[in-house]
Amino acid sequence: MAEETKEKVVKTPKEKKVADPVAASMDLATQIMIKRAQELGVETIFDRAENMKPCNIGVQGTCCKNCSMGPCRLPLTKSVEDGPDERKGLCGATANTIAARNFARMVAGGASAHSDHGRCVAEVFMAVARKESNDYKIKDPQKLLAVAEALGVAITVKTDDGKEADRNIDEITLEVAEIALAEWGKPEGELLYAKRAPQPLYEKWKKAGVIPRNIDREIVEIMHRTHMGVDQDYKNIVKQCTRAAIADGWGGSMLATDLQDILFGTPYPVQSEANLGIMKEDHVNLIIHGHEPVLSEMLVAAAQSKEMIDYAKSMGAKGIQLGGICCTGNEMLQRHGVPTAGTFLQQELAIITGACDAMVVDIQCIMQNIANVAKCFHTKLITTHPIARMEQDNVIHIEFDEHHAMDDAKRIVRMAIENFKNRRAEVMIPRQKATQIAGFGVESIKYHLGGTFRGDYYTLNDNIINGRIRGIAGVVGCNNARTRHNEGHILVVKELIKNDVIVLTTGCNGIACAMEGLLTPETAAVYCGPGLAEVCETVGIPPVLHLGSCVDNSRILLAATEVVKAGGLGKDISDIPVAGSAPEWMSEKAISIGHYFVTAGVYTVFGVTFPTSGAPVFEKYLFEDLEKIYGGMWDFEIDPIKHAHKMIAHIDKKRKALGIDKARDRVLMDMADRMKLEAV
Ligand code: BF8
């Protein structure tokens, strides 16, 4: 065709699609707000998910962009049975190497996020120990003593007459602060909390050579090993990401949880509510989103002060309504009963109500688009952390500092109050909200299942042995806009409790369960199998126990350890009828959590996608071979019902191995009975 006769092809931009609210979420409040956003012309993540499809090669985990000769893309085009896999990048890196490097880097990302959060808490703890902060105090001295012992800090001293006396609490606090902070970068030794694992698990780690040296080092070493031209053996790469994952679960996350409990109080069950319907039209609505409770603790105290409530009233509001999103929401919920406004996927929607006077964010899981959404409304969006700022010009940055924490918090609350009068759009808050009981933990499970008379995990173990409770599941993790909001969470959890599996939850799964009303004791009679229903009814607990935020997955590790200690269910976590799940995961933190579950001996199933599907040999290593080393392994299942049944099948496999798969008379066991069982 001659040049002059060529027709000019003008590409018109494709019309943007919008999400179908019902297909996007199973939650009515969310559906209403997606529709509302579309009416107002405000784009949300649900619409973006319609317009941008994920990269097929990235999803498989086989795109390498670790040097500038690439990205080298190695999609899986034939099955392993069709002959040798000859795919390689420019440097010769195989699909296994590339997928293992990408997987390890996800662990590094996740472990660094949890661990840096932990470090920040440890620094605040140090400021308290040095008496540099007047705003924070030690709220749980009992937990301080327990943590001191776990870190090898003496809590008693010998007196001149040779007797034992209590050591000065300030000295203990300072030494705990020093030792805890050193866990991130000490030059020699090993992670102190590794010894909190059951002895056989510690021995497995020792034999495999994966005990972390310090938290930071294991994360840095992943980045080194996955640099171009370093580690080219997927098994060796997994060994390193195992060290980093253990350093997260049993290190950064566990220290974050412990130090937060000491500073802000160990959670005990509280009643509250969940979903966007907790916002109030006639109140100043202050939504707090992110992960670190260091700031939110102060915001709760400031917002509840008479000074601030009076100020809000003077501005025409009836009061101040706090609401939490993501894990900061879980932190405020479990210690103060602050209601939860929503999960990860509802952050934009909280602003679209038109009633969010300020949204305060700290770190992690904060979508940059909330700044664009906030521009459409009167909402003040406030970033508070030096490592998490936003480029948009409507974002206000108030850097939070533990040395003048309360002043910073009051400044933020005042800003929300003063913005109440500026509401522009018509307010539309969905009415949906559900009652929830949250705030469970290692300590409160001990109390609830045993009471003051027999406070321990024996009751739980006895009920697992006699079959009322079939097993334990840890169901955790995010929302993912590539799948229907909350549906995976709810279907998996309901199927588990229907089959008498008690569920421990954290993170956005906990929020999803709360929104669905699964966190109340009354739920047991409706959704549980007869055995679990009977236990829940007797002790007055929900069948789904909310243990807090994502760093609080460390509580699940310690609860599993307590089950081992109570006897009768084997000698290691891998012997217990337990399984893990993240039905709607999306973040790197979920991969790190999954990997520390697996390497603690827990069979762990993920939904949506799995980032190694393009490297079947490497995937088989994660899905099958790891079991021989640690007793736990990964798995993947999109269908929520099949997902739950894979977990139940694993639980049944463990029951069979323990010899508790047959119906038994329901008897109250003592330790001697349990010891006999262990010999089966
Ligand atoms: O740390 S579950 S979406 S909020 S990453 Fe984020 Fe995932 Fe929610 Fe908490 Ni956890």
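Let me start at Gly540, which comes just after helix H22 and takes a positive phi of about 75°. This is a predicted model, so please hear every value that follows as computed from a prediction. Helix H22 itself covers residues 530–539, and within this helix Gly531, Leu532, Ala533, Val535 and Cys536 are buried. If you look for what lies over those buried residues, the cover includes helix H18, at 458–465, together with H19, strand S14, at 501–505, and helix H21, at 523–527.

A similar ending is found at helix H20, which is followed by Gly517, a residue whose phi is positive as well, near 80°. H20 is mostly covered, in that nine of its nine residues are buried. Among them are Gly507, Asn509, Ile511 and Met515.

H19 has already come up as part of the cover of H22, and H19 also packs against H20. Helix H19 runs over residues 487–498 and helix H20 over residues 507–515, and their axes are 9 Å apart at an angle of about 75°. Angles of 65 to 115 degrees count as roughly perpendicular, and the two helices, H19 and H20, are therefore described as roughly perpendicular to each other. On the H19 side the residues that meet the partner are His489, Ile490 and Val493, while H20 contributes Cys508, Asn509, Ala512 and Cys513. Sorted by class, this contact of H19 with H20 has five nonpolar residues, two polar ones and no charged residues.

Let me now turn to another helix pair, H5 and H24. Helix H5 takes in residues 95–129 and helix H24 residues 588–598, and their axes come within 7 Å and cross at roughly 95°. That crossing makes H5 roughly perpendicular to H24. The residues of H5 that take part are Phe103, Arg105, Met106, Val107, Gly109, Gly110, Ala111, Ala113 and His114, and they meet Glu588, Lys589, Ile591, Ser592, Ile593 and His595 in H24. In this contact of H5 with H24 the residues divide into seven nonpolar, five polar and three charged.

Staying with H24 for a moment, Val598 lies in this helix, and at a relative accessibility of 0% Val598 counts as buried. Once its neighbours within four places in sequence are set aside, Val598 is in contact with Thr604, Leu626, Tyr630, Gly632, Met633 and Trp634. How far apart are Val598 and Thr242 in sequence and in space? They are separated by 356 residues along the sequence, yet their C-alpha atoms are 9.3 Å apart.

A second buried residue to look at is Gln260, whose place is in helix H10, residues 234–264. Gln260 has a relative accessible area of 0% and is buried. Again leaving aside neighbours within four places in sequence, its contacts are His117, Val121, Gly265, Pro293, Glu331, Arg335 and Val551.

I would also like to point out some backbone details in the loops. In the loop between H5 and helix H6, at 141–150, you will find Lys131, which has a positive phi near 60° although this residue is other than glycine. Lys131 is exposed, with a relative accessible area of 56%. Gln364, which is not a glycine either, has a positive phi of about 70°, and its place is in the loop between strand S9, at 356–361, and helix H15, at 369–375. Is Gln364 buried or exposed? At 17% relative accessibility, Gln364 counts as buried, since the cut-off for buried is under 20%. One further loop, the one between strand S1, at 63–64, and strand S2, at 72–73, holds Pro71, and the peptide bond leading from Gly70 to Pro71 is cis, with omega near -5°.

To finish, let me step back to the whole protein, which has 27 helices and 18 strands. Its radius of gyration is 25 Å, close to the 26 Å that the globule rule gives for 680 residues, so the protein is as compact as a globular protein of that length. Along the principal axes, the C-alpha trace spans about 95 × 75 × 55 Å. Of the 680 residues, 61% are buried, and the accessible surface comes to about 26,900 Å², with 53% of this surface belonging to carbon and sulfur atoms. Finally, if we take the contacts with a separation of 6 or more, residues 24 or more positions apart account for 75% of them.

Definitions and conventions:
Residues are numbered from 1 along each chain as its sequence is written. This is a predicted model: local features need pLDDT of at least 70, side-chain atom pairs count only at pLDDT 80 or more; totals for chains, interfaces and linings use all residues. Side-chain values use heavy atoms; hydrogens and water are left out. Axes are lines fitted to C-alpha atoms, for helices over the stretch in contact, and angles run from 0 to 180 degrees between N-to-C directions. Helices (H or I, at least four residues) and strands (E, at least two) are DSSP runs, numbered from the N terminus. Angles under 35 degrees count as roughly parallel, over 145 as roughly antiparallel, 65 to 115 as roughly perpendicular and the rest as oblique. Contact means heavy atoms within 4.5 Å. Ala, Val, Leu, Ile, Met, Phe, Trp, Tyr, Cys and Pro count as nonpolar, Asp, Glu, Lys and Arg as charged, and the others, Gly among them, as polar. The radius of gyration is taken over C-alpha atoms; the globule rule is 2.2 Å times the number of residues to the power 0.38. Buried means under 20% relative accessible area, exposed over 50%, partly exposed in between (1.4 Å probe, protein chains only). Accessible areas come from the Shrake-Rupley method with a 1.4 Å probe; for residues, only the protein chains shown count as cover.
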